[in-house]
Structures are given as structure tokens and as C-alpha cells.
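Work through these exercises with the structure open. Each task is followed by a stepwise solution.

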Amino acid sequence: MLIQIFFSLFLLFALSRVILQVKSAKISPGGFLFWSALFIFALVGVIEPKLTSYIANFLGIGRGADVVLYTSIALLFYLIFRLSIALEETRREITKLVRKITLDDKSQVKSSRSRG
Amino acid sequence: MPRLLLLIPAFNEAAIIGEVLDGLPRQIHGMGKIDVVVIDDGSQDNTFEIAKRKKVKVFRHSLNLGLGAVLGTGFEYAVNTGYDFVITVDADGQHQPDDVVNIAKSLLTEKSDIVIGSRSLSKKNMPLVRRLVNFLSNTLTFLLFNVWTTDSQSGLRGFTKAALKKLKIRSQRMEVSSEIFKEIGRLHLTFVEVPITAIYTDYSLTKGQPISNAPNVFWKLLLQRFA
């Protein structure tokens, strides 16, 4: 089917980006394993949809498409959560940097003390 | 004699900061030297310039980071400089000098790690919306961190040197007010509440925490609690 070709091409493209990212050391080995496994699993599901039906039957969900949907939603929520934490961590690092620059800037203290 | 630092977090307060700084107490019975430090959180008006004209120390963040970040900077400065006590005072003119004195006296006599100026205990002037926001914030703080206070969002607070050395402030913005109580619970610090009467003007009401900010604060506190 046409949709299978489109999805397969997209997932292969995504997989190639993951390989490029790990080659340029932009993602960790753990990140590489996670994203590679995710895209390979999705690729297998697109090429062989019956596989998702087997998993659906095993989990008692009914349709293979529903397994994909539920898993995707759970995964998206988890990724948003991880992203929020990473964003907070980045903000904290920026704050530490700005704080250090602020407190190390002797000119600010000297200037105000000279008036005191 | 113990040294006291009055810490003033300020963001775009040019209209009133001069008046606030002029009104701060410079002598308190039982206290030694009293210094004032203003941390300007990247204001776009001339808050920094006005504060510099007064007899106070002034620092400026090059970026607007939020209340939590400002308090963190002020606390680090206080610990590094060796102050015995720190009292945080809002720069919007909401706090009365007499209440600052009462917080200082409480720090000297109560032997608690932290003193909270509570607007709820005096029950004067506080607008209904503020009471509601405060009650919801107190309840949320209690549910998340198991510490009950009558004013989790008060900006007038006193800290001992020992407490400041232990506190680990991670919040960037307004959620810091609840985080202080999280730290009180985590570190088993003691605190007392002192009634204060806030001055509500049209100006100070525009400066407070809007209720629309509640979901953001809630999310940040959840991350702190469970992440």
C-alpha cells in the first residue's frame, strides 16, 4: 500500500538522522538505543501490520491500530515530561551562569558602595 | 552584634523603589549593622539606576530570570558575605517598615530558623482574590510538601545564617515561595509566623502573582515533587 511506503520511507529517514546524530556525538549511546529501537519497531509494524495485531491480542486490546495509538500517546506524554525536566535543568544552568557573572562583577558593588 | 541584610528583589520597580529604600529601617534594637542589597532582575526601566543612587548595594541580572533566581542570588551573596540574618522585602511598597522590624525581632528572640510574615494572621486589607489565591497556594503547598502555613506566598520572610546555608533553591520563578516550605519540611527547619499588614495599592496589586499563573506554578511544583 502507498501509506506503507510513505511511513517506511519516513521511518528510514528518521533512523538515518539518529545514526547521524550519534556519529556527531549529539546524542548519548542510551538515546541512540532508545530512538533506534523505537523507529525499528515502528518500521516492522508498518511493514508487517499483523505483528501489532498479535501484540493487541496478547494484551487484550482488540485492534493492532489501538495498540499503536495507546503506546504513542503514553510515549508522547513521557517525552513531554522528560523535555520539561530538561528545560528546567537548562534554565537552572543559565541561572547559575548569570548569578556567577552578577556576583563576580565587582564594578556593580564598587559603584554602589562608593555612594554609601 | 548580629549583622542583618535586607534583600530586595526588584523587577521594573522604578516608580516606587526609591521610596521603598528610603523607608527601610536602618537601626533595630539588638541588631548590629543593617545593610540593604537590591537584586535587579534585568529590569527594562531604570530601577537599577534609581537604586544605585541610594546608600545600598545593587546587583543586576543581565537576564530576567524570575523571583526564585533572584532570591538564590541574594542568599548566595548573604552567605558568602557572612550575614547573620536576611530579611526579604518586596520592592513594590507592599511591606511596612514596622513589620520588617517585627520580623527582625522575631529572628532575634524566637530562635527559629525562618520567620514568615503572614498577611492572613492579621486579616487586614487583603483583597478577596488575594485571599483565595493564598488559600489555594497554602493548600497546594501542604498537599505537595506536607507543611502547613497561613501565607505560603508572603514576600516578607526572615532567615538565619544556618537556614540559608542549608536551603537549596531550585525554582526560577514564583514557585519559589512554595519551595521554601518544601525545604523547611525536607530539612526539618523550624519556622514561626508573625502577623503583618500588607499595603495594597493599585500599583502593588498589578505586581502580585496573577491567578492565571497558577497552572504554571502548579506544574513546576509537581515536577519538583515527583521528578
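**Exercise 1.** In which sense do strand 1 and strand 2 of chain B pair, and over how many bridges?

*Solution.* First, the ground rules. This is a predicted model: local features need pLDDT of at least 70, side-chain atom pairs count only at pLDDT 80 or more, and totals for chains, interfaces and linings use all residues. Residues are numbered from 1 along each chain as its sequence is written, while chains are lettered from A and ligands numbered from 1 in the order in which they are written.

Step 1: find the elements. Strands (E, at least two residues) and helices (H or I, at least four) are DSSP runs, numbered from the N terminus. Strand 2 of chain B covers residues 34-40.
Step 2: read the pairing. Two strands pair if DSSP finds at least two bridges between them. Here the sense is parallel, over seven bridges. B:Pro9 has B:Ile39 as its bridge partner.
Step 3: add the connection. Strand 1, helix 1 (residues 17-23) and strand 2 of chain B form a right-handed β-α-β unit. Right-handed means that, with the strands pointing away from the viewer, the path from the first strand over the helix to the second runs clockwise.

**Exercise 2.** Place strand 1 of chain B in its sheet.

*Solution.* Step 1: take its other pairing. Strand 1 runs parallel to strand 4 (residues 85-88) of chain B, joined by four bridges. B:Leu4 stands opposite B:Phe85.
Step 2: lay out the sheet. It is open, with seven strands of chain B in the order 3-2-1-4-6-5-7 and mixed pairing.
Step 3: find the edges. Strand 3 (57-60) and strand 7 (191-195) of chain B each have a single partner strand, so one side of each lacks a neighbour in the sheet.
Step 4: check the far end. Strand 5 (residues 114-118) and strand 7 of chain B pair in parallel over five bridges. B:Ile116 faces B:Glu193 there.

**Exercise 3.** Are the residues of strand 1 of chain B buried or exposed?

*Solution.* Step 1: apply the cut-offs. A residue is buried if 20 or more other C-beta atoms, placed from the backbone, lie within 10 Å of its own, exposed if 12 or fewer, and partly exposed in between.
Step 2: count. Seven of seven residues in strand 1 (residues 4-10) are buried.
Step 3: split by direction. B:Leu4, B:Leu6, B:Ile8 and B:Ala10 point one way, and B:Leu5, B:Leu7 and B:Pro9 the other.
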